[in-house]
Amino acid sequence: MNKLLLYLFVFGSLYSLKASSMDAIENPPVDLVVCDDDTDGFALFDLTQNDAVVLGSQNPADFVVTYHLSQADADNNVAPIANPTAFASSDAIIFVRVEEVVNSDLFEIGVFNLIVNTIPNVSSDLGALELCNEDGAFAVFDLTVVESSIVGSDPNLVVSYFESLADLNADILIVDPVNYVNVVNPQLIYIKVTDPTTSCFATTTITLIVNLAPIANVPTDYEVCDDDNDGIFDSFNLSSRDDEIIGGAPGLEVTYFFTEADAINAPAGLELDNMQFVNIDPFFMTVYARVSDIITGCFDVVPLNLVILDTPEINTDLAPYLVCDFDTDGITAFDLTTQESQILGTLDPTIFIVTWFIDQTAADNGAPQIPNPESYISNTNTVVAVVTNTVQSTTTFCTNSVVVDLIVGFCVDSDNDGVPDDEEDLNDNGDLDDDDTDNDNIPNYLDDDDDGDLVMTIDEITGIGAGVAPQDFIDTDNDMIENYLDNDDDGDTVLTADEDYNNSGSPLDDDINNNNIPDFLDPDVALNTDEFSVTNFTIYPNPVAHEITITATTPFKVVTIYDITGKMVQQITHTSQIEQTVRVGSLKTGLYFVRIDANGPLLKMLKR
């Protein structure tokens with residue numbers, strides 16, 4: 001054997017052992033660290049863990065390893081620790097003696113520390129972590145929410161979570177403690193808190209509890225009709241929706257909030273006045289109902305839409321409805337439906353439905369209705385028309401009403417065209433002789449073809465081509481000029497008189513495409529061509545008394561007005577713009593055409 005000088009490090013000092021002839025110890029002993037599970041300052045150490053360390057690759061059968069409490073005992077090989085595999089100790093210094101079996105004079109001594117580390121200070125039970133779920137059994141828990149109370153002032157502590165004590169002992173962690181779904185209810189979760197500097201840990205538990213959350217029903221929209229159509233309604237009774245939202249379930253209370261976040265967090269003092277709430281967003285607003293379990297505090301939040309619906313804006317400035325009693329017997333039937341177009345104005349009659357009642361009380365109650373408004377023989381001087389919007393909602397139908405005065409008149413119809421003379425005063429100046437729509441020098445009240453289109457006025461006011469007869473306002477091309485005053489009834493830019501394709505002297509019997517619609521009422525048939533083209537601008541009002549406003553999609557400079565013979569009667573030039581007002585009060589009563597710029601399209605204009 002080689003003669004070696006052995007050195008031993010003790011507390012940072014180098015100790016020299018006596019020279020001996022033996023193989024050197026390849027590795028010094030390591031400190032043993034044990035955690036103090038019961039916090040009494042002592043722990044059990046297995047000193048023999050250093051056997052393999054100090055022997056290294058040497059054969060254990062060739063050496064005797066003993067452990068001693070002092071350097072002297074180790075040197076003299078006396079008082080070895082009797083039970084080195086379970087040695088109870090606080091912090092201490094241990095000396096290990098390694099000697100050869102065949103020659104006890106050959107030995108070496110090493111030294112190492114016993115270190116007792118404290119475990120983290122954690123309560124043995126953290127209580128309960130409660131969540132709410134509508135099934136009352138399972139929920140997604142964020143287990144990490146308890147960490148702030150566990151680690152306290154030591155953020156370096158490492159927290160791990162386990163489904164059972166067996167999993168904790170086997171170190172089988174809960175993989176995603178942030179999104180953990182309990183497996184039973186209630187459930188005990190085991191928590192391991194480790195000090196990473198010492199690897200010592202403490203354990204604790206927390207109980208997961210899932211409470212049954214209330215299930216709120218999403219209420220139907222709270223719809224109201226707005227009388228002034230400003231979008232603000234000052235009498236929403238939110239609590240009237242409580243029963244629909246909770247469905248009669250006991251132990252629940254409902255509060256309302258502006259936002260979903262407020263409903264979830266429920267800050268005190270932000271609850272809405274649920275008895276008399278005024279919306280702040282016009283026409284449509286969403287508030288949020290919080291349904292809370294009074295005992296558990298579990299809650300659900302649902303939106304409640306507040307919908308403010310427009311009331312139909314109808315024409316309430318109606319002239320009395322006069323029906324002529326030509327046989328002077330004092331009895332005549334009123335076709336109330338002839339007043340509906342005036343009442344509706346620009347409203348779509350397929351959407352806004354008119355129903356008739358004998359008085360306001362019946363109208364308010366919705367019954368009884370006048371059963372046959374097309375032939376109503378009145379025993380009163382007034383009736384009430386109720387206009388209902390049938391498409392803005394499936395549950396709430398907003399209405400508006402107007403009183404219509406009924407007058408039985410003894411009328412004169414000089415030309416027997418079905419239009420009383422006083423209605424042929426188109427400009428309402430009291431002079432029948434200056435109303436001549438077709439400029440044929442025959443005043444309308446004496447002319448049985450007022451627009452000169454070869455179709456008699458009596459035929460044009462009794463429903464030809466317009467569906468149901470009789471009607472009060474027949475306007476096939478929807479240009480707001482009645483057919484009996486319109487010499488292009490279908491708006492195809494071919495004059496009605498020019499659609500007498502068989503030259504019979506009347507357009508009534510012309511139906512080239514055999515669709516049972518006379519060609520003069522069929523915009524799909526336009527065999528003749530002229531300078532009139534499809535419009536891409538608008539004029540209003542139409543009919544007009546004094547001035548019109550012209551709007552176009554592109555700027556224009558020139559406005560030209562023609563009579564029905566094609567003669568230019570007025571022309572105005574201005575700077576290029578998309579809107580222009582033109583005075584037409586000097587024109588005679590009749591039908592005209594308006595054109596913008598030299599090659600622009602034409603629109604019809606009825607001058608009253």
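Which residues make the nonpolar surface patch of about 270 Å²? They are V64, V101 and V102. The model is a predicted one.

## Overall dimensions

The protein chain has 608 residues, and 43% of them are buried. Its secondary structure comprises nine helices and 27 strands.

The radius of gyration of the protein chain is 51 Å. For a compact globule of 608 residues, the value would be near 25 Å. Along the principal axes, the C-alpha trace spans about 155 × 60 × 45 Å.

## The patch and its loop

V102 sits in a loop. That loop runs between β7 (92–100) and β8 (107–118). The relative accessible area of V102 is 76%. The cut-off for exposed is over 50%, so V102 counts as exposed. V102 shares the nonpolar patch with V64 and V101.

## The sheet with β7 and β8

What is the strand order in the open sheet that contains β7 and β8? The order is β3-β8-β7-β5. Four strands take part, and the pairing is mixed. The edges are β3 (32–36) and β5 (63–68), each of which pairs on one side only. Neighbouring strands here are turned by 25° against each other on average, direction ignored.

Strands of a sheet pair through backbone hydrogen bonds, in either a parallel or an antiparallel sense. For β7 and β8 the sense is antiparallel, over eight bridges. One position to inspect is F95, which stands opposite V111 in β8.

## The sheet with β21 and β22

Another open sheet of four strands has the order β19-β22-β21-β20. Its pairing is mixed. Here the edge strands are β19 (321–324) and β20 (352–357). Each of these pairs on one side only. The twist averages 30° from one strand to the next.

How many bridges join β21 to β22? There are seven, and the two strands run antiparallel. Strand β21 covers residues 382–389, while β22 covers residues 399–409. V383 has V404 in β22 as its bridge partner.

## Strands β23 to β26

Strand β24 (residues 547–563) pairs with β23 (residues 537–540) in the antiparallel sense, over four bridges. The two form a hairpin, with six residues between them. Within this pairing, T538 stands opposite T551 in β24.

β24 is also joined to β25 (residues 568–583) by eleven bridges. These two strands run antiparallel. T551 appears again here: its bridge partner in β25 is E579. T551 thus faces T538 in one pairing and E579 in another.

Which strand does β24 meet through five bridges? It is β26 (residues 590–596), and the pair runs antiparallel. V559 has I596 in β26 as its bridge partner.

## Where to look

Three places sum up the picture. At the surface, V64, V101 and V102 make the nonpolar patch, with V102 in the loop between β7 and β8. In the sheets, follow the order β3-β8-β7-β5 and then β19-β22-β21-β20. Further along, trace β24 through its antiparallel pairings with β23, β25 and β26.

Key
Residues are numbered from 1 along each chain as its sequence is written. This is a predicted model: local features need pLDDT of at least 70, side-chain atom pairs count only at pLDDT 80 or more; totals for chains, interfaces and linings use all residues. Side-chain values use heavy atoms; hydrogens and water are left out. Patches are made of residues with over 30% relative accessible area and no salt bridge: like charges are joined within 9 Å, nonpolar side chains (Val, Leu, Ile, Met, Phe, Trp, Tyr) within 5 Å. Accessible areas come from the Shrake-Rupley method with a 1.4 Å probe; for residues, only the protein chains shown count as cover. A salt bridge is a side-chain nitrogen of Lys or Arg within 4 Å of a carboxyl oxygen of Asp or Glu. Buried means under 20% relative accessible area, exposed over 50%, partly exposed in between (1.4 Å probe, protein chains only). Two strands pair if DSSP finds at least two bridges between them. Axes are lines fitted to C-alpha atoms, for helices over the stretch in contact, and angles run from 0 to 180 degrees between N-to-C directions. The radius of gyration is taken over C-alpha atoms; the globule rule is 2.2 Å times the number of residues to the power 0.38.
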